[in-house]
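Me: I have a model open and want to go through its fold step by step. Keep the answers short, and end each one on what I asked for.

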Amino acid sequence: MTVLNLKEIFERADSFESRYLIGPESLSFPADLGDLKEPVEVYVRIVKDNKDYRVFLNIVGSVELECSRCLEVFSKDISQEKEKHLSYYPREEHVALAPEDLEVSFMEEPDLLNLEDLVREEIILSIPMKPLCSPDCTGLHHQALLFEEEKGAPHDPRFAILRNLLAR
Ligand SMILES: [Zn+2]
């Protein structure tokens, strides 16, 4: 776990930057969303902003997802650059979020940044609700149908019906 003590860091410096390689076992990416097989490379730069911090993230990596149409597993590039506003609010305090606050992340404890949590959050946000292996994926039924045709399968009336339905 990579926890940065920002208070300590900024007692000595005006800004912080570093590069990390976060392995799948440290990132604990939710398995029902996808499969993170390779380490994710993260470049992070932090500057102070009054009591808060601004965090610039550059994430490079990919995750294996299942296409929501044809169910094929494909690799999705999750590389991205993000600027986050890092803030601390005591848990009991009621916080109303305005739309512009969506780029705000909260520290669970003042001045402590858990890098894995932040990176995991960004990767999850970048994964589509219905992942597609390609924008024009034709889906499972159509593929099965093509496969039957390629094989030169004996004529099956069910496929003819399906084909007609798909052709509409
Ligand atoms: Zn697909």
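Me: Among contacts between residues at least 6 apart in sequence, what share joins residues at least 24 apart?
Reply: This is a predicted model. The count takes contacts in the protein between residues at least 6 apart in sequence. Of these, the share joining residues at least 24 apart is 58%.

Me: Where is confidence lowest, and where is it highest?
Reply: The mean pLDDT of the protein is 85, and 77% of its residues reach 70 or more. Confidence is lowest in helix α4 (residues 140-151), at a mean of 59. It is highest, at 97, in β2.

Me: How many helices and strands are there, and in what pattern?
Reply: The secondary structure comes to five helices and nine strands. Along the sequence, the pattern reads β-α-β-α-β-β-β-β-β-β-β-α-α-α.

Me: What is the strand order in the open sheet of five strands?
Reply: Pairing in this sheet is mixed. From one strand to the next, the twist averages 30 degrees. The order is β2-β3-β4-β7-β8.

Me: Which strands stand at the edges of that sheet?
Reply: An edge strand here has a single partner strand, so one side of it is left without a neighbour in the sheet. The two strands in that position are β2 (15-22) and β8 (104-107).

Me: Which pairs in the sheet are antiparallel, and which is parallel?
Reply: β3 and β4 run antiparallel, joined by nine bridges. In that pair, Lys48 stands opposite Tyr53 of β4. β4 and β7 are also antiparallel, over seven bridges. The parallel pair, with four bridges, is β7 and β8.

Me: Which residue of β8 is the bridge partner of His85?
Reply: β7 and β8 pair in the parallel sense. His85 has its bridge partner in β8. That partner is Val104.

Me: At about what angle does α3 run to β4?
Reply: α3 lies across β2, β3, β4, β7 (80-88) and β8. Its angle to β4 is about 60 degrees.

Me: Why are the buried residues of α3 on the same side of the helix, and which are they?
Reply: α3 spans residues 115-125. Its buried residues cover an arc of only 130 degrees around the axis, which puts them on the same side of α3. They are Leu115, Leu118, Val119 and Ile123.

Me: Which residues touch the most other members of the largest nonpolar core?
Reply: In soluble globular proteins, nonpolar side chains tend to be buried together. The largest such core here has 18 residues. Elements giving two or more residues to it are β3 (40-49), β4 (52-60), β5 (62-66) and α3. The members that touch the most others are Ile59, Val63, Val119 and Ile123.

Me: Which residue in β7 is the bridge partner of Ile59?
Reply: Leaving out residues up to four places away in sequence, Ile59 touches Val40, Val42, Ile78, Ser79, Gln80, Val119, Glu122 and Ile123. One of these contacts is also its bridge partner in β7: Gln80.

Me: How many residues lie between the strands of the β5 and β6 hairpin?
Reply: β5 and β6 pair in the antiparallel sense over five bridges. Val63 has Lys76 as its bridge partner in β6. The residues between the two strands number six.

Me: What is phi of Leu71, and is the residue buried or exposed?
Reply: Leu71 lies in the loop between β5 and β6. Most residues other than glycine have a negative phi. Leu71 has a positive phi, near 65 degrees. With 11 C-beta neighbours inside 10 Å, Leu71 counts as exposed.

Me: Which residues is Glu72 in contact with, leaving aside its neighbours within four places in sequence?
Reply: Glu72 lies in the loop between β5 and β6 (73-77). With 14 other C-beta atoms within 10 Å, Glu72 is partly exposed. Its C-alpha atom is separated by 9.4 Å from that of Gly139, 67 residues apart along the chain. The contacts are Cys67 and Cys133.

Me: Where is Asp111, and what is its phi?
Reply: Asp111 sits in the loop between β8 and β9 (112-114). Asp111 is partly exposed, with 16 other C-beta atoms within 10 Å. Its phi is positive, near 65 degrees.

Key:
Residues are numbered from 1 along each chain as its sequence is written. This is a predicted model: local features need pLDDT of at least 70, side-chain atom pairs count only at pLDDT 80 or more; totals for chains, interfaces and linings use all residues. A residue is buried if 20 or more other C-beta atoms lie within 10 Å of its own, exposed if 12 or fewer, and partly exposed in between; C-beta atoms are placed from the backbone. The arc is that of the directions from the helix axis to the C-beta atoms. A nonpolar core is a set of buried Ala, Val, Leu, Ile, Met, Phe, Trp, Tyr and Cys residues joined through C-beta atoms within 7 Å. Two residues are in contact if their C-beta atoms, placed from the backbone, lie within 7 Å. Two strands pair if DSSP finds at least two bridges between them. Axes are lines fitted to C-alpha atoms, for helices over the stretch in contact, and angles run from 0 to 180 degrees between N-to-C directions. pLDDT is the predictor's confidence in each residue, from 0 to 100.
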